[in-house]
Each structure stands twice: as C-alpha cells, then as structure tokens.
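The exercises below are meant to be worked through with the sequence and the 3D view side by side. Try each task before reading the solution that follows it.

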Amino acid sequence: MQIPLIGAQVIIEKGQTPQEIETFFQRLHENRMNICRIRMFEAYMHKSDGSWDFSLFDTAFRSAEKYNIKIFATLFPATSFSDIGGFKFPQDEIHFANVKEYIRHVVCHFKKFSSLYGWVLVNEPGVSGKIPPGTFTSNHFENWKLQHKQIHSSLKYPVLDFSQEKFLLDYNTWYLKRLSEEVRKYDVTSEIHVNNHNIFRNVAEYDFPSWSKFLTSLGGSAHASWHFSYFNRSQYAVAMSLNSEIIRSGAQHIPWIMTEMQGGNNTYSGDNAMCPTPEEIQQWLWIVIGTEAKGAIFWSLNARASGLESGEWALLDFQNNPSKRLTAAESVAKTIQQNEKLFCNASVAESGISILYTRESMWIEKKMILQNNQLSGRQCGGVMKSAIGYFEALSEMGIQCNFKSIDEFDFSKDNYLGKTLILANQISIPQKYWKPLENFVLKGGTLWIDGLSGYYDENAICTFMTDSTPTDLFGGNLKEYILVDNIFDLNLSAIGINLPAHAWKGIIDNIDKKSTQILGTDDEEITAITHYSGKGKTIWIPSLLGLGGRIEGYKPLQSLLNNILRDNLKNSPIRFSKTVPETLMKVMKNGDNFISIIINKNKNKQNIELTLDKTLKPHILFANKNGNIIKNKVSISPEESIVILWK
C-alpha cells in the first residue's frame with residue numbers, strides 16, 4: 001500500500017455479532033479508510049481450559065479482507081479488565097513465558113490472513129520514569145547496574161544517581177527488541193510497529209534511533225485529552241505538529257505513522273474532557289500528512305460497549321452510523337486518494353532549522369525540583385516548554401522546523417552553511433556534544449543558545465564552575481544567573497529590541513572581544529552576545545526567551561529571530577511574509593512542486609501573504625471553508641484548513 005494510510009481502531013469485544021463486526025469494516029470502506037488497528041485481547045481468545053478460540057477475531061479479519069482493509073494487530077496479552085492500556089513489562093519470568101506463548105499462538109494463526117498488515121508490539125510503551133514492580137524488572141535492573149557500574153572515583157565531584165533513568169531508556173529498547181524477535185520467529189514479512197505516548201513527558205524514556213534498527217515503522221499516540229496538557233485548546237494543532245515532528249525525527253530511516261489520534265468524545269476518561277470538532281479532525285489529519293507520515297489511525301471507529309471508556313472516543317454514533325467527524329476525515333482521505341502519486345512521493349521541505357532537546361535536561365529537571373512552584377521555569381516541564389516556545393514562535397512565521405533529540409542530529413557533515421540549531425533552556429548538555437556543536441559552528445552553522453542551556457553536564461555538575469566550560473563555543477563564560485521576576489524586560493540595545501524573559505537573567509563574563517559582538521547589556525553587565533567562529537556563529541542569550549514569549553506573547557521574539565536569522569530563514573521555500581498569530585503552515589516537496597498546508601486557529605479570518613518563488617503557480621486541493629488564493633495571497637477563515645499545490 002503506497003498512499004498515506006488513513007483509518008481507525010476497531011474495538012472487537014465479546015457480545016458483538018458477526019453482522020455488527022462486518023458493519024464496522026463496511027463503514028471504514030464507505031468512508032475511504034484503508035487501514036485499521038485491532039487490539040488482540042488474549043482474554044477473548046484463551047479459554048480457561050487452556051484451549052484457544054480465535055473465532056471472534058477471525059470474523060474481523062475476514063470482514064477486513066472483504067472490504068480491502070489492512071489491519072495493524074496490537075499484541076495485548078492477558079491483563080485485568082480494568083487495565084485499558086495494557087502492561088508494559090511482565091511481572092516475572094513465568095509471566096514472560098506466557099507472553100511468548102501468547103505471541104506464538106496469535107502470530108501463527110493470524111499471519112495467514114491477507115488483511116494482516118503488521119504487528120504493534122506494545123500499546124504505548126513508557127512508564128513515566130517509574131521503575132515498574134515485579135521480579136522481572138527488578139532482576140533486570142540489578143543485572144543492568146552490574147554491567148553499567150559507574151566509576152564515580154574518576155570524577156572530581158560526587159554526583160547524583162541517574163541509574164533508574166538510564167536503565168529505563170535501555171530497558172524499553174531491550175524489551176521491545178525481544179518482542180520483535182518473538183514475532184519474527186513466526187512471521188518474517190509483516191510490519192513491526194510501536195506507538196509511544198505522552199511524548200512531551202515521556203520522550204526521555206525513548207531511544208528512537210535504537211528502535212529504528214528492529215522496527216519497520218515508528219508510531220505514536222497523540223490524544224488531545226490525554227497528552228496535550230502543555231497546551232490550550234487553540235494550541236492543539238501546533239501540539240499535533242510538534243508531536244509529529246518528534247516522531248518523524250525519531251523514525252530516522254524508517255517511515256512513521258500516527259497510530260492513535262482522538263476520534264470522538266470522552267466522558268469520564270482523559271485529563272481534559274473534549275470532543276474534537278470536524279474541523280479539528282481535518283486539521284490533525286493534514287498536519288500529520290504534512291509532516292511526512294505514511295498514515296494516521298483514529299482512536300477509535302466504534303466505542304467499547306462496557307468497562308472503562310465505554311461509549312467514548314468513537315467516530316461512529318451508537319447506531320454505528322458516521323458522525324460528522326468521520327465524514328470530515330473522509331473528505332481528507334478523498335483528496336489524498338485523488339492525488340495519490342503527489343502525496344505518496346512527497347517529503348518535508350526542510351527549512352534547515354532544528355530545535356534540539358536532551359533527555360538529561362528532563363532527568364535533571366525532575367530530580368532538582370523539590371516542590372511545585374509558581375515559576376514555570378521551576379516546574380517539571382519547564383525544559384520542554386522552553387523548546388516548545390521557539391517551535392510555536394517559528395510556526396506563526398510559517399516556518400516548519402525540526403524538533404530532535406540531540407543524538408538524532410547528524411553532526412558528521414562537512415558543511416552547515418544556512419543551518420540553525422536552537423538549544424532553548426536545555427539545562428544539561430552532555431560533555432560529548434560540546435565538540436560536535438563547536439564543529440557545527442566552525443563549518444558554517446548558526447547555534448542559538450537560550451536560557452540555562454548547558455548549566456549542567458550529564459552528571460548534574462554545574463558546567464560553568466568547572467574547567468570544561470565550552471568558552472570557545474560560547475565566546476565567553478557565565479558570571480552568574482540572577483532570579484529577577486516571572487517576567488522582566490531584556491533589552492538588546494545593539495539591535496533595538498526589548499523582549500520579555502522569564503525568571504533568570506544570565507550575566508556573561510570574560511568574552512572573546514576580537515570575535516564577539518555584544519547584543520545586550522544591563523547596568524554595564526553583558527546579557528547577550530554573538531560569537532563568530534570559523535564560518536559560523538553562536539548567539540548566546542542566557543535568559544529564558546522561549547518561556548517569556550510563551551507567557552507574554554511571541555512578537556518580540558519573532559522580531560529577534562527575523563533580525564538575527566534573516567538569511568537562514570530564506571532557506572524555507574514557502575513562508576509567511578510576516579508573522580500570523582495562531583496560524584501554522586506545513587510545507588512538502590515533490591520534485592519541483594510544493595504542497596503548503598495552512599491551518600488558521602485564530603478567531604479572525606486571516607489574509608496571508610506568502611514569500612516564495614514567483615514562478616510557482618497555485619492550485620487549491622482542499623479548503624473546508626471556501627478559502628481562496630490569488631497569486632501569493634491566501635484568504636483563510638477561522639478553523640479552516642487549506643491545502644495548496646504549487647507548480
């Protein structure tokens with residue numbers, strides 16, 4: 001299957017009739033959906049006498065064959081009825097043996113169906129940083145500690161213990177690989193997939209580059225109700241865009257699919273109850289496709305009839321008829337299928353701008369915080385929200401930037417002219433990355449350092465108090481940080497911009513005067529510099545501008561980005577001529593053609609002027625509220641998605 005796959009989770013449960021199950025697949029087919037996900041409940045197959053009865057799921061797989069629907073089968077070994085997400089690791093070795101036996105029976109039976117597309121190894125791996133109970137995990141942890149015994153005696157200072165965090169990073173990878181090996185014993189051809197979840201909080205547990213070595217595609221769950229707590233409702237589109245960029249980067253050389261997106265109402269489940277509008281359904285689909293995904297699957301087509309989440313999340317109503325949300329998704333699927341070759345071969349049109357995060361920053365932040373605090377920078381999530389701030393600011397400028405773990409960025413190239421890296425309040429930079437970052441700048445790259453970035457090394461030792469301070473990269477040293485206020489003004493007098501900053505003001509000391517331009521001072525103390533090195537430069541502003549912009553508004557930060565990154569921003573083939581608040585654009589390329597996907601979350605109609613090659617001619621592929629374009633000027637209504645092909 002070549003085109004982007006669009007579908008929904010089909011809930012199969014006891015009590016359903018064969019006719020009802022067939023209706024689910026008929027509805028998928030009628031609404032142009034070509035893939036689904038089915039949770040393979042062992043509890044509905046494995047009988048108390050030890051025998052196996054697959055008939056309930058056989059009906060589903062045969063119905064899928066009838067309507068030409070492919071199935072992602074999610075492995076779901078026996079667990080309690082109230083465990084809606086499934087366990088992430090076995091309790092003990094006997095439990096693991098039972099899991100492997102379950103895999104043998106299920107994979108051997110269902111691999112014969114032509115409707116089988118692939119296997120999802122675990123539903124939503126990740127344990128939010130907590131070591132799970134059970135001897136299986138505790139024994140592995142003890143063995144891991146023996147194999148990774150830290151030699152603290154070689155360090156000048158005593159250090160905090162991050163063994164649990166490092167173990168979970170390795171443990172998740174090890175267990176997923178073991179499950180993939182079990183599946184491959186019996187099925188060597190089907191896709192192998194997994195869907196991470198709650199990405200903005202759990203990403204420090206995920207080693208995506210390692211996963212890509214045994215997966216054939218990477219997925220994710222992006223439920224507004226569960227996973228977008230760092231955003232308000234009007235920001236859910238940019239949250240979906242950011243979630244998608246993180247997975248796209250993590251997938252490396254393999255394709256990615258958004259395995260779960262909220263399809264319907266949640267009554268009692270979810271942290272923030274909501275029901276997506278038809279417009280939001282379309283926005284999320286287009287954003288995912290515009291981030292180079294090979295598919296998107298809604299949770300869910302039909303609702304559970306009993307238990308937790310019963311009657312919730314569905315695209316179908318209780319009479320199994322399509323809701324307006326389903327018909328909205330169908331309109332997107334129709335456009336994609338009518339332009340199959342265009343979307344099949346399209347890839348993200350890179351801007352050359354990458355926002356980097358580090359796992360160690362999230363680990364240290366969580367360990368350092370002693371209690372909740374009114375200041376965002378002193379709360380868990382401050383590190384991620386700082387990086388999110390830059391992503392949101394650039395999105396309103398029509399810039400599609402990458403969002404990567406630092407270990408996912410390719411530091412091996414010979415030329416980084418026109419490329420930009422942003423480290424927004426990434427409080428920990430492992431020492432092994434200082435040299436690659438320095439080479440990035442020497443080879444023409446622009447490095448933007450914001451906030452407390454680099455305050456600690458990987459062991460939570462204060463970098464600026466040691467002899468390992470990267471002064472050649474920064475262009476100076478840090479004198480100190482001073483807590484000012486929730487919001488204070490940072491005056492960059494050299495370029496005439498005053499910006500809101502959050503909490504701490506960094507004072508720079510001992511700069512390299514020959515190759516450094518002072519951007520800002522306060523009471524004769526240096527607060528911001530540009531340091532030129534080799535063919536590139538480092539912009540160092542040790543105050544939290546990303547969080548400041550998130551609190552007070554992005555206009556000053558966007559002015560600063562436009563001023564300093566003016567030449568680099570021109571690498572975006574299509575961008576907004578000026579900032580458009582609460583609006584974003586994804587841009588794809590197919591040969592000499594471009595596709596721009598514009599989403600308006602502003603309450604007002606927007607008239608947007610685009611900067612692009614004047615030889616490109618527009619053709620509207622999709623507009624759900626009669627949006628239009630004349631030359632390079634787009635008119636787009638509130639909540640509208642407009643998709644434009646540029647030839």
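**Exercise 1. Pairing in a sheet**

Task: Find which residue of S27 is the bridge partner of Ser596, and then place the two strands in their sheet.

Solution: Begin with the single bridge, in which Ser596 is partnered by Ile644 of S27. Before going further, note that this is a predicted model, in which local features need pLDDT of at least 70 and side-chain atom pairs count only at pLDDT 80 or more, while totals for chains, interfaces and linings use all residues. Residues are numbered from 1 along each chain as its sequence is written, and side-chain values use heavy atoms, with hydrogens and water left out. The names of elements follow DSSP runs, numbered from the N terminus, with helices (H or I) of at least four residues and strands (E) of at least two.

Next, widen the view to the two strands: strand S22 (residues 593-600) and strand S27 (residues 641-646) pair in the antiparallel sense over 6 bridges, where pairing requires that DSSP finds at least two bridges between two strands. Strands of a sheet pair through backbone hydrogen bonds, either parallel or antiparallel. Finally, the order S9-S21-S22-S27-S24 describes an open sheet of 5 strands with antiparallel pairing, and its edges are strand S9 (347-348) and S24, each of which pairs on one side only.

**Exercise 2. A helix and its packing**

Task: Compare the expected span of helix H11 with the distance between its end C-alpha atoms, and list what its buried residues pack against.

Solution: Helix H11 covers residues 324-338, which is 15 residues. The expected span is 1.5 Å times one less than the number of residues, so H11 should span 21 Å, and the 21 Å between its end C-alpha atoms agrees with this.

Turn then to burial, which means under 20% relative accessible area, whereas exposed means over 50% and partly exposed lies in between (1.4 Å probe, protein chains only). The buried residues of H11 are Arg325, Leu326, Ala328, Ala329, Glu330, Val332, Ala333, Thr335 and Ile336. An α-helix has 3.6 residues a turn, so residues three or four places apart point the same way. The buried residues of H11 pack against strand S1 (5-9), helix H10 (278-290), strand S8 (295-299), helix H12 (340-344) and strand S24 (618-623).

**Exercise 3. Backbone angles in loops**

Task: Decide whether Asn425 is buried or exposed, and do likewise for Lys631.

Solution: Asn425 is placed in the loop between S12 and helix H15 (434-442), and its phi is near 55°, a positive value in a residue other than glycine. With a relative accessible area of 3%, Asn425 is buried. Lys631, in the loop between strand S25 (628-630) and strand S26 (633-636), also is not a glycine and has a positive phi of about 55°. Lys631, however, counts as exposed at 70% relative accessibility. A further backbone feature to locate is the cis peptide bond from Trp299 to Ser300, with omega near 5°; Ser300 is found in the loop between S8 and H11.

**Exercise 4. A residue beside the sheet's edge strand S9**

Task: Establish where Ala346 lies and which residues it is in contact with.

Solution: Ala346 lies in the loop between H12 and S9, and at 4% relative accessibility it counts as buried. Contact means heavy atoms within 4.5 Å; leaving aside its neighbours within four places in sequence, Ala346 is in contact with Glu292, Met588, Lys589, Asn590 and Ile595. By contrast, the C-alpha atoms of Ala346 and Asp92, which are 254 residues apart along the chain, are separated by 46 Å.

**Exercise 5. The lining of the largest cavity**

Task: Work out which element gives the most to the lining of the largest cavity.

Solution: A cavity is a set of points, on a 1 Å grid over the protein atoms alone, where a 1.4 Å probe fits but cannot get out, and lining residues have an atom within 4 Å of a point. The largest cavity holds about 140 Å³ of space. Of its 15 lining residues, the closest to the centre are Leu75, Pro77, Phe87, Leu121 and Val122. At least two lining residues each come from strand S3 (70-76), helix H3 (93-110), strand S4 (116-123) and helix H5 (163-186), and S4 gives the most, with 3 residues.

Definitions and conventions: On a 1 Å grid over the protein atoms alone, a cavity is a set of points where a 1.4 Å probe fits but cannot get out, and a pocket is an open set with protein on both sides within 12 Å along at least five of seven lines; lining residues have an atom within 4 Å of a point. Grid points are joined across faces, edges and corners, and a volume is the space filled by probe spheres set on the points.
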